[in-house]
Each structure stands twice: as structure tokens, then as C-alpha cells.
Amino acid sequence: MKALVNKFINDEDGATAIEYGLIAALIAVAIITAVRALGTELSNTFSSVESELAAS
């Protein structure tokens, strides 16, 4: 029983999984931020092109 408790205490697999999960979450936040910024810029570009075409 003591060996099983020591094995459970020394097991670091869960901590590693949590670290990888946090890294994946940070990468996802960075990607979402970049896509939102590019999406807004792209929308402005299309609006500008549309205005220019309508004026022609």
C-alpha cells in the first residue's frame, strides 16, 4: 500500500498534461487575436474597394 501511495505522489504525468494544455490555450489565444486583427483589416480593405468601385 505504501508503494502505491509513493508511486501516486511521484507521478508527474498529470502535471505535464496540464502544462501542455496551458501552452495550447496560450497558442489558441494568440491565433484568435491575430485572426481578429486580420479579419478587421481585411473587412476594411473590402469596404474601401467596394466604395471605390461604387464611385467609379
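This report covers the overall form, the surface patches and selected residues of a predicted model.

## Overall form

The chain has 2 helices and 0 strands. Helix H1 spans residues 2-10, and helix H2 spans 13-55. A loop lies between the two helices.

The C-alpha atoms fill a box of roughly 85 × 10 × 5 Å along the principal axes. The radius of gyration is 25 Å. A compact globule of 56 residues would have a value near 10 Å.

## Accessibility

Of the 56 residues, 0% count as buried. The accessible surface comes to about 5,300 Å². Carbon and sulfur atoms account for 68% of that area.

## Nonpolar patch

Met 1, Leu 4, Val 5, Phe 8 and Ile 9 make a nonpolar patch on the surface. The patch covers about 640 Å².

Met 1 sits in the segment before H1. Its relative accessible area is 79%. Met 1 therefore counts as exposed, because the cut-off for that class is over 50%.

## Negative patch

Four acidic residues gather in a surface patch of negative charge: Asp 11, Glu 12, Asp 13 and Glu 19.

Asp 11 belongs to the loop between helix H1 and helix H2. Its relative accessible area is 45%. Asp 11 is therefore partly exposed, because this class lies between the buried limit of 20% and the exposed limit of 50%.

## Two residues of helix H2

Ile 23 is found in helix H2. At 45% relative accessibility, Ile 23 is classed as partly exposed. Ile 23 and Ala 55 are 32 residues apart along the chain. Their C-alpha atoms are separated by 48 Å.

Val 35 is also part of helix H2. Its relative accessibility is 53%. Val 35 counts as exposed because this value is over the 50% cut-off. Along the chain, Val 35 and Tyr 20 are 15 residues apart. The separation of their C-alpha atoms is 22 Å.

## Summary

The predicted model has 2 helices and 0 strands, and its radius of gyration is 25 Å. None of its residues count as buried, the share being 0%. Its surface carries a nonpolar patch that includes Met 1 and a patch of negative charge that includes Asp 11.

Terms used: Residues numbered from 1 in each chain as written. Predicted model: local features only at pLDDT ≥ 70, side-chain atom pairs only at ≥ 80, totals over all residues. Heavy atoms only, no water. Patch = residues over 30% accessible without salt bridge, like charges linked within 9 Å, V, L, I, M, F, W, Y side chains within 5 Å. Areas by Shrake-Rupley, 256 points an atom, 1.4 Å probe, with all protein chains shown as cover. Salt bridge = Lys/Arg side-chain N within 4 Å of Asp/Glu carboxyl O. Lys, Arg positive; Asp, Glu negative; His and termini not counted. Charge placed at Lys NZ, Arg CZ, Asp CG, Glu CD. Helix = DSSP H or I, 4+ residues; strand = E, 2+ residues; numbered from the N terminus. Buried < 20%, exposed > 50% of the residue type's maximum accessible area, 1.4 Å probe, protein only. Rg over C-alpha atoms; globule rule 2.2 N^0.38 Å.
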